[in-house]
Amino acid sequence: MLRPFAGSGRFRARLALGFALAVMAGASAAASDAPPPAPKPAVKKAPDKGFPMRIVAYVANSGSGSVSAFDVRRERAVATTAVGSGPTGVGAAPDGSHVYVANGLSDSVTFIETSGHRAVATVPVGSYPFSAFPSRDGRWVYAANWGSGNVSVIDTAARKVVATPATGELPHSVATLPDGTTYVTNSGSNSVTVLSKGHEPLVQIPVGDFPSGITATAKGDRVYVANTGAGSVSVIDTATHKVTATWPVGKAPLGLGISPDGQRLYAADSGADVLLVIGTANGAVLSQVPVGRTPQGVAVAPGGSRVWVTNEDSASVSVIDAGLAKVRTTLRTGDQPEGIAITPR
């Protein structure tokens, strides 16, 4: 089985592999030669005793086999947790108690307990899990198995796989809705699979070339899909499972995030080294914020005032002031950071 591999420029290799398996034309855009903002060295110290760390950003370092944790309020590193090999996607439990890490090269998902940043369980899943994302009620975690063409549904209490529904080719990322349905991007078949509350495939929705990142609004009425190979975003009406708009944005949009009010969509343009700020009323690009090289993951902090972006080829994460649309600070991560999740509290 051909699988994405770790190493320099891994995303470009993964994108090329997906195009080949899907028999698609095109190539990923090259990263900009402009130098990224200078990362600040991580401060490896524990949080102050007695200070309750409410909100933490967790970054999966695919080249280091680790997850970096950052205090979102203080914008500083607080811990590094060893996980499996080739970690990519990260999801945060709705109650903030755990984060879930997809270990692509270990075919597993690691549970990290946020109170002590400790890895407390590792659950075997399918081949090359790319993402691990929880349901809105926290009962399930969905691991999109890139190499298996399916999703492993993990019971978070029992910490074991309870279902393995089929998807399209090369499932990449997952979004969940309040009603219990789940949306999975299939980068090899240019589609999105919708899974029922009972984890059964309901429908395949055609989207653009090489769909990767995906996010949903807080109330679950809209789902946004980054078509990395097409330089566009598809908008899905969840009531009808239909694409209602396709917005041409950037060169190679990848990770997505949504503002709490649903009025701003944030897309990491991995081909232009910028964060795109998109108005959801009409798909207009409102701002382009320069970040590091090959931006991958996007996470919006609770309240929406900060947006965090991982920069795979800069070994850093950029923290953006959403109101000013500019970088506040750049923090050092491990090697090849990809996925990111911020705890809700």
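Biologist: How do you know that strand S4 and S5 pair?

Modeller: Two strands pair if DSSP finds at least two bridges between them; strand S4 (residues 87-92) and S5 have 4 bridges, in the antiparallel sense, so they meet the criterion. One position on this border is Gly91, which stands opposite Tyr100 in S5. This is a predicted model, in which local features need pLDDT of at least 70 and side-chain atom pairs count only at pLDDT 80 or more, while totals for chains, interfaces and linings use all residues. Residues are numbered from 1 along each chain as its sequence is written, and side-chain values use heavy atoms, with hydrogens and water left out.

Biologist: What joins S5 to strand S6?

Modeller: S5 and strand S6 (residues 108-113) run antiparallel and are joined by 6 bridges, against the minimum of two. Within this pairing, Val99 stands opposite Ile112 in S6. S5 therefore pairs with S4 and also with S6, by the bridge criterion.

Biologist: Which residues have a positive phi in the hairpin of S4 and S5, and in that of S5 and S6?

Modeller: In the hairpin of S4 and S5, with 5 residues between the strands, Gly96 in the turn has a positive phi of about 75 degrees. In the hairpin of S5 and S6, with 4 residues between the strands, Asp107 takes a positive phi near 50 degrees.

Biologist: Why is strand S5 called largely enclosed by the rest of the structure?

Modeller: A residue is buried when its relative accessible area is under 20%, exposed when over 50%, and partly exposed in between, using a 1.4 Å probe and protein chains only. In strand S5 (residues 98-103), 6 of the 6 residues are buried, so the strand counts as largely enclosed. Both faces are covered: His98, Tyr100 and Ala102 are buried on one side, and Val99, Val101 and Asn103 on the other.

Biologist: What makes Pro302 partly exposed?

Modeller: Its relative accessibility is 35%, which lies between the 20% and 50% limits. Pro302 is found in the loop between strand S24 (295-300) and strand S25 (306-311).

Biologist: With which residues is Pro302 in contact, leaving aside its neighbours within four places in sequence?

Modeller: Contact means heavy atoms within 4.5 Å. By that rule the partners are Ile55, Ile342, Thr343 and Pro344. In addition, the C-alpha atoms of Pro302 and Val72, 230 residues apart along the chain, are separated by 9.8 Å.

Biologist: Why is the aromatic pair of Phe130 and Trp146 called tilted?

Modeller: Rings of Phe, Tyr and Trp (its six-membered ring) pair if their centres lie within 6.5 Å; planes under 30 degrees apart are stacked, over 60 edge-to-face, and the rest tilted. Here the centres are 6.1 Å apart and the planes differ by 35 degrees, so the pair is accepted and classed as tilted. Phe130 lies in strand S8 (residues 129-134) and Trp146 in the loop between strand S9 (140-145) and strand S10 (150-155), so the pair ties together parts 16 residues apart in sequence. Phe130 and Trp146 are both buried. Ring pairs link Phe130, Trp146 and Phe210 into a cluster.

Biologist: What makes S8 and strand S11 the edge strands of their sheet?

Modeller: The open sheet has 4 strands in the order S8-S9-S10-S11, with antiparallel pairing. S8 and strand S11 (160-163) each pair on one side only. S10 and S11 are joined by 3 bridges; among the partners, Asp155 is matched with Lys160 in S11.

Biologist: How many helices and strands does the protein chain have?

Modeller: The protein chain has 1 helix and 28 strands. Both are DSSP runs numbered from the N terminus: helices are H or I of at least four residues, and strands are E of at least two.

Biologist: Over which residues is the pLDDT below 50?

Modeller: pLDDT is the predictor's confidence in each residue, from 0 to 100. The mean for the protein chain is 89, and 85% of its residues reach 70 or more. Residues 15-36 are a stretch with pLDDT below 50, which has 38 contacts in the model beyond near neighbours in sequence. Residues 41-52 also stay under 50, with 17 contacts beyond four places in sequence. Where pLDDT is low, the predicted coordinates should not be read in detail.
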